[in-house]
Amino acid sequence: MSTPKAAAPKIAELVALDAQARAAKAARLIEAGVTIFRPDTTVIDPDVQVGPDTVIEPFVQLLGSTRIGSGSHIRSFTVIENCAIGDQVLIRQSCILSDSRVAAGAKIGPFAHLRPGSEIGEEAHIGNFVETKKARVGKGAKASHLTYLGDAEVGEGSNIGAGVITCNYDGVHKHPTRIGKNAFIGSDSTLVAPVTVGDGAYVGAGSCITKDVPADSLAVGRARQVVKEGWATARRARQKRSESC
């Protein structure tokens, strides 16, 4: 459905006014000590607050009531909506953050997704293609690669390996996963909620954890590896005989 010709000038006027308002907002932030590269490419809503010495790269969107502290760095193509970002936070390229809190010194991204209710602690690291939802990640904890943390608590200093998933949804209800301090969750593990992993515990890579893991223990839940020597040679020989028939 085409836009009526009479409406086109009004839309153009609104777009121009919006551009002027956003340019004025960026100018005020720059005067207050914020570095904004290519302000003509950024989208910063009127209620956004940014502390001095923070750097905002091109094509960033800061929306709603977002607050960003001092000395932080927001890299290109990131979208932040209704979030509280602390001092000295690094948010790398192409992250999406909504209704979440990130404490001082944390590092996010690239390509991370913080969904509503996420709370990332001081100096924590949420890395490449990590998604959080209603997750509390403690001080210095790390989830660096390809991880989903939903309805989860991760204690201080814990390490979450690549490909870890908290299985929080049973098809009807959501359930919590609790990981203690200084725990180690091996890569490609699934934690089937509700479940608790105690302080200092280890979960072996590739495990499916369905029961609580006591503190300072090791949990391994995976099939035993079987090696059949010569199996591939015998298979190729059978295929060759079958093709020659």
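## Around isoleucine 108 and along the chain

Leaving out residues up to four places away in sequence, isoleucine 108 touches Leu90, Ile91, Arg92, Cys95, Val102, Leu114, Ile120 and Ile126. This is a predicted model, and isoleucine 108 makes a handy way into it. The residue is found in strand E13, which covers residues 107–108. Its relative accessibility is 0%, so isoleucine 108 counts as buried, the limit being under 20%. Isoleucine 108 is also listed among the residues with the most contacts inside the largest nonpolar core, along with Leu62, Ile91, Leu97, Val102, Ile120 and Ile126. Of those, Ile91, Val102, Ile120 and Ile126 are also touched by isoleucine 108 itself. Lysine 134 is another matter: 26 residues separate it from isoleucine 108 in sequence, and the two C-alpha atoms are 16 Å apart in space.

The core as a whole has 48 residues. Helix H1, running over 7–31, supplies at least two of them, and at least two each also come from strand E21 (152–154) and strand E27 (195–197).

Stepping back to the whole protein chain, the model has 2 helices and 30 strands. The radius of gyration is 24 Å, whereas the globule rule gives 18 Å for 245 residues; the value is well over the rule, so the chain is more spread out than a compact globule. Along its principal axes, the C-alpha trace spans about 75 × 55 × 35 Å. Of the 245 residues, 40% count as buried. What about contacts between residues 24 or more positions apart? Such pairs account for 9% of the contacts in the protein chain with a separation of 6 or more.

The surface and the charges can be put briefly. The protein chain has an accessible surface of about 13,700 Å², and carbon and sulfur atoms hold 54% of that area. There are 29 positive and 25 negative side chains, and the centres of these two sets lie 10 Å apart.

Now for the backbone. Most peptide bonds are trans, and most residues other than glycine have a negative phi. Two cis peptide bonds are worth a look here. One joins glycine 109 and proline 110, with omega at about 5 degrees. Proline 110 lies in the loop between E13 and strand E14 (113–114), and E13 is the strand in which isoleucine 108 is found. The other joins alanine 193 and proline 194, where omega is about 0 degrees. Proline 194 sits in the loop between strand E26 (190–192) and E27, and E27 is one of the elements that supply at least two residues of the core.

Positive phi values turn up as well. Arginine 38 is not a glycine, yet its phi is positive at about 50 degrees. The residue belongs to the loop between strand E1 (35–36) and strand E2 (43–44). With a relative accessible area of 46%, arginine 38 is partly exposed. Phenylalanine 59 also has a positive phi, near 65 degrees, in a residue other than glycine. Its loop runs between strand E4 (55–56) and strand E5 (61–63). Phenylalanine 59 is partly exposed too, at a relative accessible area of 40%.

Two glycines round off the picture. Glycine 157 lies in the loop between E21 and strand E22 (159–160), and E21 is another of the elements that supply at least two residues of the core. Is glycine 157 buried or partly exposed? At 37% relative accessibility, glycine 157 counts as partly exposed, since buried means under 20% and exposed over 50%. Although glycine 140 is 17 residues away along the chain, its C-alpha atom and that of glycine 157 are separated by 4.8 Å. Glycine 140 is indeed in contact with glycine 157, as are Lys139, Ala141 and Asn182, with neighbours within four places in sequence left aside.

Glycine 171 is found in the loop between strand E23 (165–167) and strand E24 (177–179). This glycine is partly exposed, with a relative accessible area of 47%. Serine 187 is 16 residues from glycine 171 in sequence, and the C-alpha atoms of the pair are 25 Å apart in space.

How values were computed:
Residues numbered from 1 in each chain as written. Predicted model: local features only at pLDDT ≥ 70, side-chain atom pairs only at ≥ 80, totals over all residues. Heavy atoms only, no water. Helix = DSSP H or I, 4+ residues; strand = E, 2+ residues; numbered from the N terminus. Rg over C-alpha atoms; globule rule 2.2 N^0.38 Å. Buried < 20%, exposed > 50% of the residue type's maximum accessible area, 1.4 Å probe, protein only. Contact = heavy atoms within 4.5 Å. Areas by Shrake-Rupley, 256 points an atom, 1.4 Å probe, with all protein chains shown as cover. Lys, Arg positive; Asp, Glu negative; His and termini not counted. Charge placed at Lys NZ, Arg CZ, Asp CG, Glu CD. Core = buried A, V, L, I, M, F, W, Y, C linked by side-chain atoms within 4.5 Å.
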